[in-house]
Amino acid sequence: APWLLFLLIFLWTPPHFWALAVKYREDYASVNVPMLPSVTTLNVTARKILAYTLALVVVSLVLAPVADLGWIYMGAALISGGVFIWSALAVLRTPTPAAAMRLFGWSITYITVLFGAMAVDQLAGHALQRGRILGPERLADRHAGRALADVDVKGRVLPVGDGRDLE
């Protein structure tokens with residue numbers, strides 16, 4: 001999962017910054033900074049933005065089963081990813097600074113929603129696990145049925161197999 005998180009940020013960065021660079025392409029060109037929109041056409045830039053966005057959304061969806069994320073994350077990834085793709089298509093259809101800036105604004109919202117959904121999903125999952133005590137006061141893994149931790153009668157989580165009896 002850590003590699004997928006890295007890949008998520010890696011794939012998010014180009015469409016995010018290229019969208020901003022569309023607006024400032026003349027500035028980049030005037031100081032010889034080879035940002036993609038200043039060295040190629042807006043149409044080529046828009047196609048690359050769309051390609052990276054599609055790859056980004058795929059990685060965000062693959063992350064769900066790999067990181068054991070639930071429906072909260074998956075719903076946020078599907079909806080926000082769909083809006084990101086739609087915004088990238090809008091830039092491709094109308095490659096203007098205004099369309100690119102709308103995509104830039106959405107990209108910030110997208111990454112915030114995605115990571116926020118990861119956190120909420122994990123917190124909700126832990127709360128569900130904590131409330132679902134099976135057998136002799138043990139938390140059960142949601143999918144494999146393996147014990148994650150011992151829980152004493154006061155609700156304190158103890159490491160599995162530490163040799164202490166439950167109170």
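The exercises below concern helices, core packing and aromatic pairs in a predicted model.

**Exercise 1.** Compare the span of helix α5 with the expected value, and list its buried residues.

Solution. Step 1: helix α5 covers residues 71–93, 23 residues in all. Step 2: from first C-alpha to last it reaches 32 Å, close to the 33 Å expected at 1.5 Å a residue. Step 3: the buried residues of α5 are Y73, A76, A77, S80, G81, F84, S87, A88 and V91. Step 4: an α-helix has 3.6 residues a turn, so residues three or four places apart point the same way.

**Exercise 2.** Find which residues touch the most other members of the largest nonpolar core, and trace the contacts of L114.

Solution. Step 1: this core has 33 residues, and L56, Y73, Y110, L114 and M118 touch the most other members. Step 2: two or more residues come from each of α1, α4, α5 and α6. Step 3: leaving aside residues up to four places away in sequence, L114 touches L8, S60, Y73, A77 and S80.

**Exercise 3.** Classify the aromatic pair of W18 and Y52, and the burial of each residue.

Solution. Step 1: the ring centres of W18 and Y52 are 5.3 Å apart with 90° between the planes, an edge-to-face pair. Step 2: W18 belongs to helix α1 and Y52 to helix α4, 34 residues apart. Step 3: buried means under 20% relative accessible area, so W18, at 14%, counts as buried. Step 4: Y52, at 28%, counts as partly exposed.

Methods:
Residues numbered from 1 in each chain as written. Predicted model: local features only at pLDDT ≥ 70, side-chain atom pairs only at ≥ 80, totals over all residues. Heavy atoms only, no water. Helix = DSSP H or I, 4+ residues; strand = E, 2+ residues; numbered from the N terminus. Expected span 1.5 Å × (residues − 1). Buried < 20%, exposed > 50% of the residue type's maximum accessible area, 1.4 Å probe, protein only. Core = buried A, V, L, I, M, F, W, Y, C linked by side-chain atoms within 4.5 Å. Contact = heavy atoms within 4.5 Å. Phe/Tyr/Trp six-rings, centres within 6.5 Å; stacked < 30°, edge-to-face > 60°.
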